[in-house]
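I opened the file and worked through it one topic at a time. These are my entries, in the order I made them.

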Amino acid sequence: MTVELHGLTKFYGRGKRHRAALDGLSLTARAGEVLGLLGPNGSGKTTALRCLLGMTRADGGTITVLGRKVPDQLPEISCSVGALIESSPVPRGLTARHFLQQVTALAGLPRQRVAETLRLVGLADRADEAVTGYSLGMRQRLGIALALVHDPALVVLDEPANGLDPQGIRWLRSLLGQLRNEGRTVILSSHLLSEAQLVCDSVVVVEAGRTLLAGRVDELITPQADRALITCPDRDAGARVLRDAGADATGDLDVLDVRGIPVDKAVEALVHAGQTPLEVRRHRPSLEELFLASVSGDETKPESGT
């Protein structure tokens, strides 16, 4: 495993203001995987990433990164970890090229990494302009460049889509896929759940510093055995048949949202009643549905779905 967090705890404040930012949080990220850390504001995502990077010391639990204990052995792996946390650096008076040249010189990195990284993040054409004139999205790209310029094995990105326009988000999606294909491990926090579903291999849903839901995306959003969208020859007749069979069948148009009984049983009841379905689609929950159900603690299925 590239990253392992087990039972992470972190407390802030004293007395009445004493609170747990992390309360036994655990996660695992594998090599060549994009792991999404999802949760509402204040759920502990950034605190977890700061502990992972040794920027904040956890009060309890263990952190292992690239086979080393954090924070004690962090200096041994610092060159193998790149990160963008909370906000992009904005060095006033410098161009993006000059800034990255300074970084690579201090780190003893090959000079060609600057041009390569600027091309990678889409700033090559604007690299010699002062960063003070950059838009928020361009500054975010520069922050990502800073995380990547030393060719790290592990990349940690806190809300990397902040400030990016739709074209920039598509670029970020492509970049994350490229990093995965190169065998790197990427951990990112995000509120863009639709994007997380597209780019993440695994996700961890966090609330109040605790893990509520974790797993591979393709396993979490598998079709549900007890919910389907069914089109019947006669909608009202089909709904009556399904309700008699114990299902909850609703829908404003021709398609019935059927839940509460196995899909095979629902189809069998309809066929037996002469309402052979014209179409049956098992419901596949979105990552957003799973996220909202997890953070609300509501185990019931969401009302809408496709």
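**Entry: charge and ring.** Which residue lies over the face of Trp171? I looked it up and found Arg141, at 4.3 Å from the ring centre. I then searched for aromatic pairs and got zero in the structure. I note here that the model is predicted.

**Entry: overall layout.** I counted the secondary structure next: 10 helices and 14 strands. The C-alpha trace spans about 75 × 50 × 35 Å along its principal axes. I checked burial over the 306 residues, and 46% count as buried. I also looked at contacts with a sequence separation of 6 or more. Residues 24 or more positions apart account for 68% of them.

**Entry: helix α1.** I asked how many of the eight residues in α1 are buried. The count is six, so by the cut-off of under 20% relative accessible area the helix, residues 45–52, is mostly covered. I listed the buried ones as Lys45, Thr47, Ala48, Leu49, Cys51 and Leu52. What do they pack against? I found six strands there: β1 (3–12), β2 (19–29), β3 (34–38), β4 (60–65), β7 (154–158) and β8 (185–190). After α1 comes Gly54, and I read its phi as positive, near 75°.

**Entry: cavity.** I ran the cavity search with a floor of 30 Å³ and got a count of one. The largest cavity has a volume of about 100 Å³. Which elements each supply at least two residues of its lining? They are α5 (166–181), β8 and α6 (193–199). The largest share, four residues, comes from α5. I wrote down the full lining: Pro160, Ala161, Ile169, Leu172, Arg173, Leu176, Leu188, Ser190, Leu192, Glu195, Ala196 and Val199. I sorted the lining by class and got nine nonpolar, one polar and two charged residues.

**Entry: Asp23.** I placed Asp23 in strand β2. Is Asp23 buried or partly exposed? Its relative accessibility is 35%, so I entered it as partly exposed. I then looked for its contacts, leaving aside neighbours within four places in sequence. Asp23 touches Leu8, Thr9, Ala208, Gly209 and Arg210. I also took one C-alpha to C-alpha distance: Asp23 and Thr211 are 8.6 Å apart in space, with their positions 188 residues apart in sequence.

**Entry: backbone exceptions.** As background, most residues other than glycine have a negative phi, and most peptide bonds are trans. I went looking for departures from that. Where is there a cis peptide bond? One joins Val70 and Pro71, with omega about 10°. I located Pro71 in the loop between β5 (68–69) and β6 (81–84).

Then I checked phi. Glu159 is not a glycine, yet its phi is positive, about 50°. I found Glu159 in the loop between β7 and α5. Its relative accessible area is 13%, so I entered Glu159 as buried.

Ala208, already noted as a contact of Asp23, also has a positive phi, near 50°. I placed Ala208 in the loop between β9 (202–207) and β10 (210–216). Buried or partly exposed? With a relative accessible area of 33%, Ala208 is partly exposed.

Conventions:
Residues numbered from 1 in each chain as written. Predicted model: local features only at pLDDT ≥ 70, side-chain atom pairs only at ≥ 80, totals over all residues. Heavy atoms only, no water. Buried < 20%, exposed > 50% of the residue type's maximum accessible area, 1.4 Å probe, protein only. Contact = heavy atoms within 4.5 Å. Phe/Tyr/Trp six-rings, centres within 6.5 Å; stacked < 30°, edge-to-face > 60°. Lys NZ or Arg CZ within 6 Å of the ring centre and 35° of its normal. 1 Å grid on protein atoms, 1.4 Å probe; cavity = no way out; pocket = protein on both sides within 12 Å on 5 of 7 lines; lining within 4 Å. Points joined across faces, edges and corners; volume = space filled by probe spheres on them. Nonpolar A, V, L, I, M, F, W, Y, C, P; charged D, E, K, R; others polar.
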